[in-house]
Amino acid sequence: MAPLAAAALVVVVLLLLPAPAPGVAAGAGAADARACSAAGGSSSAGSSSGRAAAERQRPAPASAEPPRQGDAHPDAAALAGQAHAQGVLLDVLANVSTGAISAASALALLRDAAALRASLAPGGAAAARVAARRAAAAARRGGPSRGVLIVAGGRDQFANALILLRVLRGPRVRCRLPAEVVHYGARELDPRAAAAMRAHAAATGTALRILDGAAAGGGGGGGALVPPPHRAPPGGVTGFRAKVHALAYVTSFDQVLLLDSDNAPLADPTFLLDAPRFAETGNWLWPDFWRDQWMAPAVFRVLGLDVPWASDPGWRAAEAGQLALDRAAHADVLEWLVLLNGHSGSGAVPQDRDGGLVGRCLWGDKDTYALAFALAGKSASVNAVRHGPLLALADAGGGRLVHAGMVQRGPGAGELLFMHRTAAGKLWPHCAARRGQRCAVWGVTSPVDQAQLRASVEDVTGIELRASAVDAAWQAEHCGPGRGRRRGGGGGGGRAPPATLLECDLEAAAGRLPIPVIAAARLPAAARAALADAAAAFDATLAEADAAGSGAAAGGGGDASLYDDDEYADPDDDGGDAATLAAGAAGACGGDGGGDAGEYGDADDVYM
């Protein structure tokens with residue numbers, strides 16, 4: 001690291017860390033930090049020296065005579081802040097010196113964080129935006145507006161969004177919340193899928209808007225995508241960043257249920273926005289399988305925060321295929337969210353991420369939400385669903401069960417609520433047409449965590465479980481026949497969550513190896529029916545795409561299909577995908593599958 005960059009980083013960190021209390025010897029903590037860094041001290045040594053200094057300078061008990069003015073005895077809070085400052089500074093320098101992060105990326109993040117903090121102070125531009133958003137929501141007749149936000153771009157994601165809307169409005173889920181689908185620019189708009197969405201909305205009598213996020217801008221004036229002090233991210237609003245931008249600047253809803261386009265609700269999620277817990281906290285977040293997979297602690301230390309998995313052994317990373325947020329209550333959190341994702345990557349695999357320190361330390365947007373709450377001073381308001389996700393499995397033949405997605409559960413008794421396709425099978429039409437994989441859900445695991453998956457798979461990105469890694473006999477003793485039953489609670493307001501609970505003793509499965517699996521036939525009736533409805537929506541979308549493509553070919557038209565035939569066609573496909581989808585979702589174990597399991601590790605297919 002160049003001396004000039006190191007010096008600049010030290011100055012910026014010191015400027016952003018807490019200042020000494022009145023009466024503290026000027027620069028005491030900073031001098032210690034500079035001395036340690038000049039001597040090449042490690043972060044742990046710096047932290048311990050700070051703690052030792054705290055012990056030596058512990059203030060007198062409250063009953064003793066208070067220090068006289070001018071005495072160099074800080075109060076406990078100021079002293080703790082100094083010790084923390086030393087540790088943060090030395091940690092940052094250690095990360096830079098080892099090449100884990102660059103001084104330039106750390107400086108850029110700290111500089112922008114300082115600018116935003118100043119802008120959020122009274123009289124600042126960001127503070128004015130926060131106040132305006134809250135005032136607008138408070139003045140809205142009938143209370144805050146609410147709805148579903150879906151961000152989609154290109155043929156595949158628009159097709160997925162169409163499938164999502166069909167499931168959302170279908171006979172099983174029957175969600176009536178209005179929806180907005182956001183794309184960025186004409187290049188991302190699929191006219192045929194958009195027309196199908198509008199026709200479906202008209203047929204079901206539901207509200208739908210399709211919005212161009214690039215045209216909507218960010219309220220920055222002059223067509224700017226983001227307002228000051230934010231700066232547009234390198235490469236523009238793409239990938240994961242588009243979700244954050246649409247949530248912050250494009251959607252019209254005050255209370256938002258943000259769903260990835262490759263998600264499918266298994267029950268009406270409206271009760272999440274009706275829940276007293278949501279009224280209290282203004283958010284719902286969901287856990288991932290992982291604790292710290294694909295994450296680096298440097299971003300937390302640069303920002304002066306504790307590394308969450310180091311301070312809380314039960315902490316889990318987030319999974320952002322679904323989240324709920326009150327944008328008015330947390331308008332300040334949105335400001336920090338935009339800042340963080342301005343320093344994030346475009347959505348590639350971790351080794352290739354670009355765009356800044358956040359992109360190098362975190363995967364996409366998923367963990368920036370809780371981090372934004374922390375930077376806004378609202379960590380206590382983070383409202384994470386306590387039930388861990390289930391791993392959805394597809395039968396790839398030959399005794400191989402491959403990752404088809406994750407089943408997220410509700411906040412009450414763990415009802416099955418969302419099926420998020422977080423692997424290569426995420427684009428089910430894409431998966432069925434090109435890869436030859438069997439995309440239907442054959443079954444699910446018990447809740448799994450990072451330790452179980454690392455012990456059971458060779459590739460944590462692909463996640464393929466062989467027969468020796470799963471326990472198929474566990475379900476016979478611990479699961480009911482799949483009749484689904486309604487239990488109390490659920491976090492709902494005026495309605496109880498649907499009867500979509502697993503009739504299994506999932507607590508008995510915690511941490512077990514081999515991993516217990518539950519066949520789809522043993523899922524509750526409501527969950528099986530919802531998966532069947534999803535399969536029907538997939539089937540209908542594929543059929544329409546094929547019909548459009550055939551019609552264009554007969555008429556000499558151009559690319560009329562939702563998918564390019566030569567890009568997605570599988571020469572070895574047996575043509576039975578639609579039947580397999582429907583039969584598999586209804587509980588069959590189907591198909592001989594095929595395809596290369598290694599394809600499940602494609603960068604653009606994971607956690608989008």
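Biologist: Which strands and helices each supply at least two residues of the lining of the largest pocket?

Modeller: They are strand E6 (283–287), helix H14 (308–311), helix H17 (368–375) and strand E11 (443–447), where helices (H or I, at least four residues) and strands (E, at least two) are DSSP runs numbered from the N terminus. This is a predicted model, in which local features need pLDDT of at least 70 and side-chain atom pairs count only at pLDDT 80 or more, while totals for chains, interfaces and linings use all residues. Residues are numbered from 1 along each chain as its sequence is written, and side-chain values use heavy atoms, with hydrogens and water left out.

Biologist: What makes a residue part of the lining of the largest pocket?

Modeller: A lining residue has an atom within 4 Å of a point of the pocket, which is an open set on a 1 Å grid over the protein atoms alone, with protein on both sides within 12 Å along at least five of seven lines. The largest pocket has 36 such residues, and Pro287, Gly314, Trp315, Arg316 and Ala384 lie nearest its centre. Its volume is about 810 Å³, taken as the space filled by probe spheres set on the points, which are joined across faces, edges and corners. By class the lining has 20 nonpolar, eight polar and eight charged residues; Ala, Val, Leu, Ile, Met, Phe, Trp, Tyr, Cys and Pro count as nonpolar, Asp, Glu, Lys and Arg as charged, and the others, Gly among them, as polar.

Biologist: Why is Trp294 called buried?

Modeller: Buried means under 20% relative accessible area, exposed over 50% and partly exposed in between (1.4 Å probe, protein chains only). Trp294 has 15%, so Trp294 is buried. Trp294 lies in the loop between E6 and helix H13 (298–302), and its phi is near 65°, a positive value in a residue other than glycine.

Biologist: What makes Arg174 count as exposed?

Modeller: Its relative accessibility is 57%, and therefore Arg174 counts as exposed. Arg174 is found in the loop between helix H7 (154–168) and strand E2 (179–183), and has a positive phi of about 55° although it is not a glycine. Most residues other than glycine have a negative phi, and most peptide bonds are trans.

Biologist: Where does a cis peptide bond join Leu513 to its partner?

Modeller: That bond joins Leu513 and Pro514, with omega about -5°, and Pro514 has its place in the loop between H20 and E14.

Biologist: How do you know that Cys479 and Cys504 form a disulfide?

Modeller: A disulfide is a pair of cysteine sulfur atoms within 2.5 Å, and the sulfur atoms of Cys479 and Cys504 are 2.0 Å apart, which fits that rule. The two cysteines are 25 residues apart, both in the loop between helix H20 (474–478) and strand E14 (515–519). With 115° about the S-S bond, their link is right-handed, and both Cys479 and Cys504 are buried.

Biologist: Which residues of the largest nonpolar core touch the most other members?

Modeller: Of its 59 residues, they are Leu247, Val299, Phe300, Tyr369 and Leu371, where a nonpolar core is a set of buried Ala, Val, Leu, Ile, Met, Phe, Trp, Tyr and Cys residues joined through side-chain atoms within 4.5 Å. Tyr369 touches (heavy atoms within 4.5 Å) residues including Leu247, Leu258 and Leu285, not counting residues up to four places away in sequence. Apart from this core lies another, of 38 residues, among them Leu165 and Leu417.

Definitions and conventions: 1 Å grid on protein atoms, 1.4 Å probe; cavity = no way out; pocket = protein on both sides within 12 Å on 5 of 7 lines; lining within 4 Å.
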